[in-house]
Amino acid sequence: MKITEEFFEATIPGFQGIEKAIDYANQLDWTQVDYNEQTIANIQYEDTVNGIDIYYCFGTDEYLFASDTTWIYQ
């Protein structure tokens with residue numbers, strides 16, 4: 001799957017697992033994190049926490065975070 005969305009510039013390594021990604025999404029002040037629109041392939045939606053979508057990227061083995069208000073599946 002390929003997704004175009006406004007991804008935040010904050011990521012965590014995939015080996016830390018989805019539980020750590022959820023904790024990270026809950027704890028970070030997302031208003032202080034920069035973001036930009038990107039199209040990313042080999043990505044899978046995992047969860048939404050407090051308005052933040054969590055994705056796992058197979059290509060980079062990272063959890064990525066995005067606003068849950070903008071997305072385009074391709």
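**View A. Tyr24 is a partly exposed aromatic residue, with a relative accessible area of 24%.** The view is taken from a predicted model. The value for Tyr24 falls between the 20% below which a residue counts as buried and the 50% above which it counts as exposed, so the residue is classed as partly exposed. Trp30, in contrast, is buried, at 11% relative accessibility. Leaving aside residues up to four places away in sequence, Trp30 touches Tyr24, Ala25, Phe8, Ala10, Ile52 and Phe65. A single aromatic cluster is formed by Phe8, Tyr24, Trp30, Tyr35 and Phe65.

**View B. Two edge-to-face pairs illustrate the aromatic pairing, of which the structure holds nine instances.** In one pair, the ring centres of Phe8 and Tyr35 are 5.8 Å apart and the planes stand at 75 degrees; the arrangement is therefore edge-to-face, as the angle is over 60 degrees. This pair links distant parts of the chain: Phe8 belongs to strand β1 (residues 2-13) and Tyr35 to strand β2 (residues 35-41), with their positions 27 residues apart in sequence numbering. Phe8 counts as buried, at 10% relative accessibility, whereas Tyr35 is partly exposed, at 48%. The other pair shown joins Tyr24 to Trp30; with ring centres 6.1 Å apart and planes at 85 degrees, this pair is edge-to-face too.

**View C. The largest nonpolar core has 13 residues.** Those with the most contacts inside this core are Ala25, Trp30, Ile54, Tyr63 and Phe65. Two or more residues are contributed by each of the elements β1, α1, β4 (52-57) and β5 (62-67). There is also a second, separate core of eight residues, among them Ile3, Ile43, Tyr55 and Ala66.

**View D. Strand β4 is mostly covered, six of its six residues being buried.** In a regular strand, successive side chains alternate between the two faces of the sheet. In β4 both faces are covered. One side carries Ile52, Ile54 and Tyr56, and the other carries Asp53, Tyr55 and Cys57; these residues are all buried.

**View E. Strand β4 pairs with β3 and with β5.** Strand β3 (residues 43-49) runs antiparallel to β4 and is joined to β4 by six bridges. Within this pairing, Tyr45 has Tyr55 of β4 as its bridge partner. The hairpin of β3 and β4 has two residues between the strands, and Asn50 takes a positive phi near 50 degrees there. Strands β4 and β5 are also antiparallel and are joined by six bridges. Here the bridge partner of Cys57 is Glu62 in β5. The hairpin of β4 and β5 has four residues between the strands, and in this hairpin Asp61 adopts a positive phi near 55 degrees.

**View F. Ser67 is a buried residue of strand β5.** Its relative accessible area is 17%, which is under the 20% limit, so Ser67 counts as buried. With residues up to four places away in sequence set aside, Ser67 touches Glu5, Glu6, Phe8, Gly51 and Asp53.

**View G. The setting of the close-ups is a chain with one helix and six strands.** From the N terminus on, the elements follow the order β-α-β-β-β-β-β. The radius of gyration is 11 Å, close to the 11 Å that the globule rule gives for 74 residues, so the chain is as compact as a globular protein of that length. Taken along the principal axes, the C-alpha atoms fill a box of roughly 30 × 25 × 15 Å. Buried residues account for 36% of the 74 residues. Of the contacts with a separation of 6 or more, 63% are between residues 24 or more positions apart.

**View H. The confidence of the prediction is given along the chain, whose average pLDDT is 89.** A score of at least 70 is reached by 93% of the residues. Among the elements, helix α1 (residues 17-27) has the highest mean pLDDT, 96, and strand β6 (residues 72-73) the lowest, 52.

Terms used: Residues are numbered from 1 along each chain as its sequence is written. This is a predicted model: local features need pLDDT of at least 70, side-chain atom pairs count only at pLDDT 80 or more; totals for chains, interfaces and linings use all residues. Side-chain values use heavy atoms; hydrogens and water are left out. Rings of Phe, Tyr and Trp (its six-membered ring) pair if their centres lie within 6.5 Å; planes under 30 degrees apart count as stacked, over 60 as edge-to-face and the rest as tilted. Buried means under 20% relative accessible area, exposed over 50%, partly exposed in between (1.4 Å probe, protein chains only). pLDDT is the predictor's confidence in each residue, from 0 to 100. A nonpolar core is a set of buried Ala, Val, Leu, Ile, Met, Phe, Trp, Tyr and Cys residues joined through side-chain atoms within 4.5 Å. Contact means heavy atoms within 4.5 Å. Two strands pair if DSSP finds at least two bridges between them. The radius of gyration is taken over C-alpha atoms; the globule rule is 2.2 Å times the number of residues to the power 0.38.
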